[in-house]
Amino acid sequence: MPRAVRRYDHLVDESSPSLRVAAVSLDCADHRELARFYARLLEGTLLWTHEKAAAVESGGVVLVMQRIEDYQPPVWPGTSIVHLDLHGGAQIDQLERRAVALGAQPAQTQPDSQWRVLLDPAGHPFCITPFTP
């Protein structure tokens, strides 16, 4: 028997197999360092750490840091990459200073003064933004 539930503005049939995002994985050279960074930045919970990976949960989102041999940071801007948009309300400057104190670096290119682009300790870009989807 089909079972429809409302998600946002539409009905979804939950009787058939479906996929949901379980986690966002970030490649890096040092998974423990990156997990500590995001746990502190997002005031999250370190869920687990293994030999080659670690996971942090914050606000229902799980980030998995994966240690990769010969890791090379992404180049931003210039290549198409997934990045995190972190909602920060109106305190963009204060949150940027906090992220830098925890180990982030401001990106050289800042495409808009309404948000900030930073690079995490592994070189992944992320944005601190006052906007939510």
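# Exercises on pockets, a helix and backbone angles

Pro77 sits in the loop that joins β6 and β7. Helices here are DSSP runs of H or I with at least four residues, strands are runs of E with at least two, and both are numbered from the N terminus. The model is predicted, so local features need pLDDT of at least 70 and side-chain atom pairs count only at pLDDT 80 or more, while totals for chains, interfaces and linings use all residues. Residues are numbered from 1 along each chain as its sequence is written, and side-chain values use heavy atoms, with hydrogens and water left out.

## Exercise 1: the overall picture

Task: state how many helices and strands the protein chain has, and describe its order of elements, burial and contacts.

Solution.
- Step 1. Start with the elements: the protein chain has two helices and ten strands.
- Step 2. Read them from the N terminus, and the order is β-β-β-α-β-β-β-β-α-β-β-β.
- Step 3. Turn to burial. Of the 133 residues in the protein chain, 32% are buried (buried is under 20% relative accessible area, exposed over 50%, partly exposed in between, with a 1.4 Å probe and protein chains only).
- Step 4. Take the contacts (heavy atoms within 4.5 Å) between residues at least 6 apart in sequence: 47% of them join residues at least 24 apart.
- Step 5. Finish with the surface. The protein chain exposes about 9,000 Å², and carbon and sulfur atoms supply 52% of that area (Shrake-Rupley method, 1.4 Å probe; for residues, only the protein chains shown count as cover).

## Exercise 2: two pockets

Task: describe the volume and lining of the largest pocket, then do likewise for the second largest pocket.

Solution.
- Step 1. Fix the term. On a 1 Å grid over the protein atoms alone, a pocket is an open set of points where a 1.4 Å probe fits, with protein on both sides within 12 Å along at least five of seven lines; lining residues have an atom within 4 Å of a point.
- Step 2. Fix the volume too: grid points are joined across faces, edges and corners, and the volume is the space filled by probe spheres set on the points.
- Step 3. The largest pocket holds about 340 Å³. Its lining has 16 residues, and Leu42, Ser58, Asp85, Leu86 and His87 lie nearest the centre.
- Step 4. Two or more lining residues come from each of β5 (53-58), β6 (61-67), β7 (84-87) and α2 (92-102). Strand β7 gives the largest share, four residues.
- Step 5. Sort that lining by class: ten nonpolar, three polar and three charged residues (Ala, Val, Leu, Ile, Met, Phe, Trp, Tyr, Cys and Pro are nonpolar; Asp, Glu, Lys and Arg are charged; the others, Gly among them, are polar).
- Step 6. The second largest pocket has a volume of about 170 Å³. Residues in its lining include Tyr38, Pro74, His83 and His124.
- Step 7. Strand β3 (residues 24-28) gives the most to this second lining, with four residues. By class, the second lining has eight nonpolar, three polar and one charged residues.

## Exercise 3: the two faces of α2

Task: explain why the buried residues of α2 lie on the same side, and find what they pack against.

Solution.
- Step 1. List the buried residues of α2: Ile92, Glu96, Ala99 and Leu102.
- Step 2. These residues share a side of α2 because they cover an arc of only 125 degrees around the axis (the arc of the directions from the helix axis to the C-beta atoms).
- Step 3. Look at the face turned away from the buried side, which carries the exposed residues Gln94, Arg97 and Ala101.
- Step 4. The packing partners of the buried residues are α1 (31-41), β8 (105-106), β9 (116-119) and β10 (125-129).
- Step 5. Step past the helix: Gly103 follows α2 and has a positive phi near 125 degrees.

## Exercise 4: backbone angles in loops

Task: find which peptide bond at Pro77 is cis, and describe phi at Glu43 and Asp70.

Solution.
- Step 1. Recall that most residues other than glycine have a negative phi, and most peptide bonds are trans.
- Step 2. The bond from Trp76 to Pro77 is cis, with omega near -10 degrees.
- Step 3. Glu43 is not a glycine, yet its phi is positive, about 50 degrees. Glu43 lies in the loop between α1 and β4 (45-49) and is exposed, at 67% relative accessible area.
- Step 4. Asp70, not a glycine either, has a positive phi of about 55 degrees. Asp70 belongs to the loop between β6 and β7, and its 72% relative accessibility counts as exposed.
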